[in-house]
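Student: Hey, can you walk me through this one? I'd like to go piece by piece.

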Amino acid sequence: MTRAVLSLGSNLGDRAGHLRAAVHDLDDVLLVASGVYETPPWGDDDQPPYLNAAVLVHDAGATPRDWLDRARALEATAGRVRDPDRRFGPRTLDVDVIAVWSDGGEPVLSDDPELTLPHPRAHLRAFVLRPWIDIQPYGRLPGHGWLTDLLNAEPLASDALAISPRPDLRLESN
Ligand SMILES: Nc1ncnc2c1ncn2[C@@H]1O[C@H](COP(=O)(O)OP(=O)(O)OP(=O)(O)O)[C@@H](O)[C@H]1O
Ligand SMILES: Nc1nc2c(c(=O)[nH]1)N=C(CO)CN2
């Protein structure tokens, strides 16, 4: 049995539609969805702004690997095409497995390149932590500490200032 935080991002096509479709697809495991945020591109400036959100999901039978498979399936449904020359380039939908916890609430740690847990760049990304803190205000990023501390320290504090809530684009929560 595992819980996971997944991060959702889109900056191509019907951005809000891609996020909504992903959340709809996760309906059977969804505990709560964050607000939607407009965020400047991170890691590759020459692309449109993203919409980002985060979800907390739970499945009695899911292994950590099942969450990755589910994330990939959601990206495929959104027609994501990978450009090998642009690692952080534009995409219809990006779903990352940010952190996973076992039944007892212990964080799952992994250095497997196929599924690194927690996600190796989550602590650098205000676009991940800002939505996440909506749904877990007392949340901790395993190995890095409280979300509040991470978001209130540089460089993320400055990045967070450039993030705009989009209350007009609410996602469904169960
Ligand atoms: N926690 C994780 N969540 C999602 N993918 C992961 C994770 N750890 C390792 N990966 C691997 O990373 C590879 C690249 O994933 P992807 O193409 O989504 O990267 P990206 O979204 O461009 O970059 P980033 O992972 O930095 O957001 C995938 O093949 C996947 O197996
Ligand atoms: N703002 C923002 N920037 C990104 C995002 C994302 O979801 N939001 N995803 C990326 C993929 O690695 C690269 N850069």
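Student: How far apart are the end C-alpha atoms of residues 87-98?
Tutor: They lie 18 Å apart. Keep in mind that this is a predicted model. That span is 0% helix and 42% strand.

Student: What does the UniProt annotation call residues 87-98?
Tutor: The entry, which is unreviewed, labels them "domain: 7,8-dihydro-6-hydroxymethylpterin-pyrophosphokinase".

Student: OK, new topic. Which residues touch the most other members in the largest nonpolar core?
Tutor: That would be L6, V55 and V97, in a core of 43 residues. Several elements give two or more residues to this core: the strands β1 (2-10), β4 (50-59) and β5 (94-102), plus the helices α1 (15-25), α2 (64-77), α3 (126-135) and α4 (147-152).

Student: And which one gives the most?
Tutor: β4 does, with seven residues.

Student: Is β4 enclosed or open, and why?
Tutor: Eight of its ten residues are buried, so β4 is largely enclosed by the rest of the structure.

Student: Which strands does β4 pair with?
Tutor: β1 is one of them: the two run antiparallel, joined by nine bridges. β2 (residues 30-33) pairs with β4 in the antiparallel sense too, over three bridges. Then there's β3 (residues 37-39), again antiparallel to β4 with three bridges.

Student: What stands opposite V55?
Tutor: L6 does, and so does A33. Leaving out residues up to four places away in sequence, V55 touches L6, L8, V23, L26, L30 and A33.

Student: And which residue in β4 is the bridge partner of T39?
Tutor: That's Y50. You'll meet both T39 and Y50 again around ligand 2.

Student: Cool, so which other residues are around ligand 2?
Tutor: G9, P40, P41, W42, G43, N52, F88, D94 and F127. The whole shell divides into six nonpolar, four polar and one charged.

Student: How does the shell around ligand 1 divide up?
Tutor: Six of its residues are nonpolar, two are polar and six are charged.

Student: Which of them come nearest to ligand 1?
Tutor: Of the 14 residues around ligand 1, D96, V97, E114, T116 and H119 come nearest. V97 should ring a bell, since you saw it among the residues that touch the most other members of the core.

Student: Which elements supply that shell?
Tutor: α2, β5 and β7 (115-117) each supply at least two of its residues. Both α2 and β5 also give two or more residues to the core we talked about.

Note on methods: Residues numbered from 1 in each chain as written. Chains lettered and ligands numbered in written order. Predicted model: local features only at pLDDT ≥ 70, side-chain atom pairs only at ≥ 80, totals over all residues. UniProt positions renumbered as here; feature names shortened; annotations may be inferred. Helix = DSSP H or I, 4+ residues; strand = E, 2+ residues; numbered from the N terminus. Core = buried A, V, L, I, M, F, W, Y, C linked by C-beta atoms within 7 Å. Buried ≥ 20, exposed ≤ 12 C-beta atoms within 10 Å, placed from the backbone. Contact = placed C-beta atoms within 7 Å. Near = placed C-beta within 6 Å. Nonpolar A, V, L, I, M, F, W, Y, C, P; charged D, E, K, R; others polar. Pairing = 2+ DSSP bridges.
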